[in-house]
Amino acid sequence: MSVATMRFKTLLQREWMQHRWGWLLVMFAPLVITLVTLPFGGVQFGPNEGIDAEISAVMLGKASKLMALVWGLSTMAVLSLSLLAMSFQVSGLARRDVQDRSLEFWMSLPGSHSEHLGATLLAHCLLVPLAALFAGALSGLVIAAGVTVKVLGFASLAEVQWGGVVQLLLPGLVRLVAGLPLFLLWLLPALLVLMVASAWLKRWGVPAVALGTVLLANLPATRGPVRAWLEGQAQGASQAFFFGNPAQVKAAVGSSLQVEHMDLAQIWQLVGEDLLNQRGHLASAQFLSGAVVAVGCFALLVYKRKHMA
């Protein structure tokens with residue numbers, strides 16, 4: 001392992017040491033809340049609330065359908081909470097070393113400003129959401145088992161077709177894991193703009209960005225291109241997680257757009273084709289313009305950090 005790699009690994013470990021308890025709290029809060037409240041609440045599902053759908057080649061019983069539904073929703077909830085926490089926290093990271101007066105210490109060690117910022121962004125924006133996704137899958141299994149027992153009784157666990165449930169959820173998990181880096185690449189320009197604003201304007205940075213965005217999106221001279229660009233970034237980010245081309249779904253299932261009418265082979269094929277389609281969007285003018293914004297903001301953060309020391 002090279003010296004630069006070891007140094008970067010140390011910077012990532014620093015992020016873990018400083019933020020691990022907050023990260024773990026966000027990841028496992030839904031599990032704790034569910035375990036505390038489930039014995040006291042009533043949980044009921046009507047006959048048409050999402051557990052009666054069939055997937056061709058995976059004919060699941062009611063207990064298995066409920067297990068798959070709750071497991072998938074719980075995993076998504078943990079990932080969503082992690083991304084939400086990251087979006088609130090990331091704006092203040094540019095000034096963290098100044099606020100805790102550790103900048104002089106870190107700059108006395110070997111390493112560049114870009115390495116420090118890169119490690120911070122990688123840890124908070126990619127590694128933690130990925131960890132949250134797998135933590136959500138693990139805690140979601142416990143939550144799903146608890147809800148299944150609550151609704152159908154302890155005997156229902158013996159009726160769960162675990163192989164079928166895993167087969168059903170695995171394509172979705174793969175889609176989330178592969179889509180997460182794409183989602184963060186589309187989101188990165190907005191995150192870095194917030195970091196730059198906070199580096200220069202401190203606590204007024206986020207309100208300034210919000211106000212400036214509203215003004216530019218409504219002024220007659222700028223609202224057309226600004227709204228189009230913002231909508232393009234939002235669309236790219238949303239499609240990174242979910243199927244972005246309805247024609248692909250329609251071609252896979254015929255006249256219906258409902259995924260539950262597909263068999264497993266069609267679902268895997270659809271996931272692969274959609275990821276290839278999303279990768280093609282990375283060469284679009286929309287994405288490249290966002291990449292230019294992100295690179296420019298990162299350069300401004302490096303410049304500001306140098307002059308903070």
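This passage describes a pocket, a loop residue and a cavity in a predicted model.

The second largest pocket has a volume of about 530 Å³. Its lining comprises 19 residues. A190, V209, T213, W229 and L230 lie nearest the centre of this pocket. Three helices each give two or more residues to the lining: helix 7 (162-201), helix 8 (205-216) and helix 9 (223-239). The most comes from helix 7, which supplies seven residues. By class, 16 of the lining residues are nonpolar and three are polar. No charged residue is found in the lining of the second largest pocket.

Helix 7 and helix 8 are joined by a loop that holds K202. The backbone of K202 stands out for its phi, which is near 60°. This value is positive, in a residue other than glycine.

Enclosed space was examined next. The count comes to one cavity of 30 Å³ or more. The largest cavity has a volume of about 60 Å³. Ten residues line the largest cavity, and L93, R96, L117, T120 and R305 are the closest to its centre. Two elements give two or more residues to this lining, namely helix 3 (96-99) and helix 5 (113-152). Helix 5 gives the most, with three residues. The lining of the largest cavity divides into four nonpolar, two polar and four charged residues. Charged residues are thus present in the lining of the cavity, whereas the lining of the second largest pocket has none.

Key:
Residues numbered from 1 in each chain as written. Predicted model: local features only at pLDDT ≥ 70, side-chain atom pairs only at ≥ 80, totals over all residues. Heavy atoms only, no water. 1 Å grid on protein atoms, 1.4 Å probe; cavity = no way out; pocket = protein on both sides within 12 Å on 5 of 7 lines; lining within 4 Å. Points joined across faces, edges and corners; volume = space filled by probe spheres on them. Helix = DSSP H or I, 4+ residues; strand = E, 2+ residues; numbered from the N terminus. Nonpolar A, V, L, I, M, F, W, Y, C, P; charged D, E, K, R; others polar.
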